[in-house]
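Please open the structure in your viewer and keep the selection tool at hand, since each stop on this tour begins with something to pick out.

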Amino acid sequence: MDQIRTSYSALDTFKQCPLRYKYQQIDRIRTPKNKDAVFGNKIHTALEYFHSKTPCSPTLDELLNKLKEIWDSEVFQNEQEDILYFSEAIKILKNYHSSFSQIKEKPAILGTETRFEILLEKNDKKATLSGIIDRIDKTSQGIEIVDYKTAKRLPSQQDIDNSLQLSLYCLGLMKRWPEFKLKDISLSFYFLKHQEKLTTTRTKEQLDLVKEKVFDDLEKIEKSNFKPTPTPLCDWCGYKKMCPMWRHLYKKELTVDDEQIKKIANEYFELKQENSKNNKRLNELKIIIENYLNKEKIERVFTDQVYITRSYLTKYEYDFDKLKEILEPLNKWNNILTINITKLKNIIKALPYPKRKEIEKIKKKSKEYSMLNIKKKRN
Ligand code: SF4
């Protein structure tokens, strides 16, 4: 029986970039500490300290002293960057301390940095998922899971309602404390930079789907060819210098071929630009010629070398149902149906998960081809 150990963060890494997942989870390549990850970690540790001292929470001075004690200046490039991050951390903790102090009915903290493991089973496959819940509160309304986020971007409520991370945390909590009822559990992301808490809940049906989602993700990983998927998040990826999407940028000793390809790529770019300039000018000329034809009430113009004739194209549309009535008995209906992939993608996005999955299963690779996309480098 196959058994795999994984975590939400590993599944999320695969979603962001399959190659990054491979480097991290399969090849186990270690990377230097990332300053943003360290920053987030220090804030988490300070907040864990803050809530571990209940019922008498530490004063603001005590909290900031804790931050100073655990701060790691070494990950920052220079003193200026270090000061910038440290000031941001102080701001976050001051705001957090102030807003928590103002809560009249304070929650009872049941746990901070609580580890959990859940076992999911499907057919002959088993997956153990582990994670750490930042904070578990007992409030007058029930139980609340709080996960701190230091990200700048606030997600939508729909993102929170569909968050796999919160669903897994909910399952983790119920495994550890089976006496908690689902209807009493709320799940929150606390965005520290915005001091905003976004909260959601889960139904039993939603939690039942988690198993499906996890095994679908694991299947995708199993079948993956781990292609790099560059996004703005690459700036936070420790594998950037070795990744085939970026390695060329960091190449130090250049061969003749390397020098040559730089010239070729620049020429390619210039020709492409010229093409788009030409297309723009061609459109302008077309409008001028058409205006002239209209003014002169003629359909053709002559020069010494060429003549240009206007021709007309008409587009028709048909009554879909009536056309089907005629063509279907002739076995010709299927021949004219083509799927508009862009429209289909948009429709799939809005479908419930089981339907999306059904469609995913019937998807087949029809053709793979490469394209060259060209962009100007940011300086
Ligand atoms: S640098 Fe970007 S594309 Fe390359 S592995 Fe990292 S995340 Fe993926």
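The model you are looking at is predicted. Begin by selecting strand β5 (residues 185-191) together with strand β6 (residues 196-200), and you will find that these two pair in the antiparallel sense over 5 bridges. One of the pairs to look for joins Y190 to its bridge partner in β6, K197. Then move to the 4 residues that lie between the strands of this hairpin, where Q195 takes a positive phi near 55°.

Keep β5 selected and add strand β4 (residues 143-149), which runs parallel to β5 and is joined to it by 7 bridges. Here you can pick K149, whose bridge partner in β5 is F191.

Next, select helix α4 (residues 60-70) and helix α5 (residues 79-101), whose axes lie 10 Å apart and which pack at an angle of about 150°. Because angles over 145 degrees count as roughly antiparallel, α4 is described as roughly antiparallel to α5. The way α4 passes α5 is a right-handed crossing. To see the contact itself, show L60, L63, L64 and L67 on α4, and A89, I90, L93, K94 and H97 on α5. If you colour these contact residues by character, they divide into 7 nonpolar, 1 polar and 1 charged.

Finally, select the ligand: which residues are the closest to it? They are C17, P228, C234, C237 and C243, and they belong to the 14 residues that surround the ligand. Coloured in the manner of the helix contact, this shell divides into 11 nonpolar, 1 polar and 2 charged residues.

Note on methods
Residues numbered from 1 in each chain as written. Predicted model: local features only at pLDDT ≥ 70, side-chain atom pairs only at ≥ 80, totals over all residues. Axes fitted to C-alpha atoms, helices over the stretch in contact; angles between N-to-C directions. Parallel < 35°, antiparallel > 145°, perpendicular 65-115°, else oblique. Left-handed = near helix turned anticlockwise from the far one by under 90°. Contact = placed C-beta atoms within 7 Å. Nonpolar A, V, L, I, M, F, W, Y, C, P; charged D, E, K, R; others polar. Near = placed C-beta within 6 Å. Pairing = 2+ DSSP bridges.
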